[in-house]
Amino acid sequence: MDDGEASASQGQGRRGAAWVPGAIIVGAGPSGLAAAACLAARGVPATVLEMADSLASTWRHRTYDRLTLHLPKRFCELPLLPFPAGYPEYPSKDQFVAYMEGYAAAAGVAPRFGARVEEAAFDASAGAWAVRLAGGGELLLARWLVVATGENAVPRRPDFPGARLFEGPVVHTCDYKSGEAFAGKKVLVVGCGNSGMEVSLDLCRHGAKPSLVVRNTVHVLPREMLGLSTFGIAMALLRLFSVAAVDRILLAAARLALGDTGRLGLRRPKTGPMELKNLTGRTPVLDVGTLGHIKTGKIKVVGAVKEVTQRGVRFADGKEEQFDAIILATGYRSNVPSWLKDGGEVFTSQGMPRVPFPDGWRGKNGLYTVGFSQRGLLGASSDALNIARDIHAQWKDMVGRPACCNNVPLQSDETV
């Protein structure tokens, strides 16, 4: 049976539906591109659906200007293609977008833009996933569905009491570009993760007066120790020692490099940074200069917000302070529950995999997930390689022929 016969025979399940050979991948960010490239390298076709007008839309349009990769580039490469040799250790967002464009071109991946998935559900009669697109109701059928919309699809916007009364702008970091527009203004930054810390630093460097809301405990580590990546050191140590031992080493080194962060209002959790990451997905903050400005008082650390007033906020301790603007560095959430209708055994009601990394990439009936591991680009790469191997094994059986060797100018994923 050739590819056309396979498509025709399996496309009988729904009238008006178009059968898509291979897999449908929803999302053309790093995770979706990695999955498509790994499948292409094994000769398995894939249709990548992206609701935005470009690949890597989040990186292009919803990140601030000063953003660079938080980890060294060797930990952020997608499968089968390294970064260009001339890239710095921590590529900028524009360099990363350019890398992804080159990555898609090298793999022959051409996403279909403006294709927003309204609903995806498994059609047992067709033995395939039925994917309905918005704006006309076009229906696609595919044997495999790869969910690659990721953990960061929808901005989280806390609903503070009184927020509608505030006279100044309230901006989520997805819309923040630079501190230039806030020069000379008092700005409250809500959220003390990597984004909140970096936005506070950016505001400070543009002459603003930021205050950083720190509600909970947080691990702050230097991005580098003795000229070496802290993350790289941790990965190396984990090959030799237990997680608990590595955490003790990291915390001792961090105290020598940064001092007692608790005195600055940045209390550390009782659980170590690597163990906490494994248990909850919470990433330690890698300091790129923010802590120095906190020590000098240029960035003020404040407590939890109780309510927003017309000209500022009232904190949980009862104190009030005026602000000209509020920036929400409150992260993102998955959008999977809004469109995936038969993913309950794989995804929670919050749109995250029920099974933790490294085993959460595969569900039932040809459903896969990539980029939901809370392990960044390393986790997405691992998922993509696993998915491609699994689908390829089924593809060979389905089309009744050996794996083909295409001309995609990438390394074979057998070498990764």
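**Pocket, sheets and a salt bridge**

User: What classes of residue are in the lining of the second largest pocket?
Analyst: Its lining has eight nonpolar, seven polar and three charged residues. Ala, Val, Leu, Ile, Met, Phe, Trp, Tyr, Cys and Pro count as nonpolar, Asp, Glu, Lys and Arg as charged, the others, Gly among them, as polar.

User: And what counts as a pocket?
Analyst: An open set of points on a 1 Å grid over the protein atoms alone where a 1.4 Å probe fits, with protein on both sides within 12 Å along at least five of seven lines; lining residues have an atom within 4 Å of a point. This is a predicted model, where local features need pLDDT of at least 70 and side-chain atom pairs pLDDT 80 or more, while totals for chains, interfaces and linings use all residues. Residues are numbered from 1 along each chain, and side-chain values use heavy atoms, without hydrogens or water.

User: Which residues are closest to the centre of that pocket?
Analyst: Val355, Pro356, Phe357, Ser373 and Gln374, out of the 18 that line the second largest pocket.

User: Which helix gives the largest share of its lining?
Analyst: Helix H8, residues 273–280, with three residues. Helices (H or I, at least four residues) and strands (E, at least two) are DSSP runs, numbered from the N terminus.

User: Switching to sheets: what is the order of the five-strand one?
Analyst: The order is E4-E3-E2-E8-E23, an open sheet with parallel pairing. Two strands pair if DSSP finds at least two bridges between them.

User: Which strands stand at the edges?
Analyst: Strand E4 (112–113) and strand E23 (367–369); each has a single partner strand, so one side of each is left without a neighbour in the sheet. E4 pairs with strand E3 (residues 46–50) over two bridges, and Phe113 in E4 is the bridge partner of Glu50.

User: How about the four-strand sheet, what is its pairing?
Analyst: Mixed, in an open sheet ordered E1-E7-E6-E5. Strand E1 (18–19) and strand E5 (117–123) are the edge strands, each pairing on one side only. E5 runs antiparallel to strand E6 (residues 128–133), joined by six bridges; Asp123 stands opposite Ala128 there.

User: Which strands form a hairpin?
Analyst: E18 and E19 do, with three residues between them. Strand E18 (residues 305–308) and strand E19 (residues 312–315) are antiparallel, with three bridges, and Val308 has Val313 in E19 as its bridge partner.

User: Last one: how many salt bridges are there?
Analyst: The whole structure has 14, each a side-chain nitrogen of Lys or Arg within 4 Å of a carboxyl oxygen of Asp or Glu. One of them joins Asp175 and Arg157, with closest N and O atoms 3.8 Å apart. The two residues are 18 apart along the chain: Asp175 is in the loop between strand E10 (170–172) and strand E11 (186–190), Arg157 in the loop between strand E9 (154–155) and E10.
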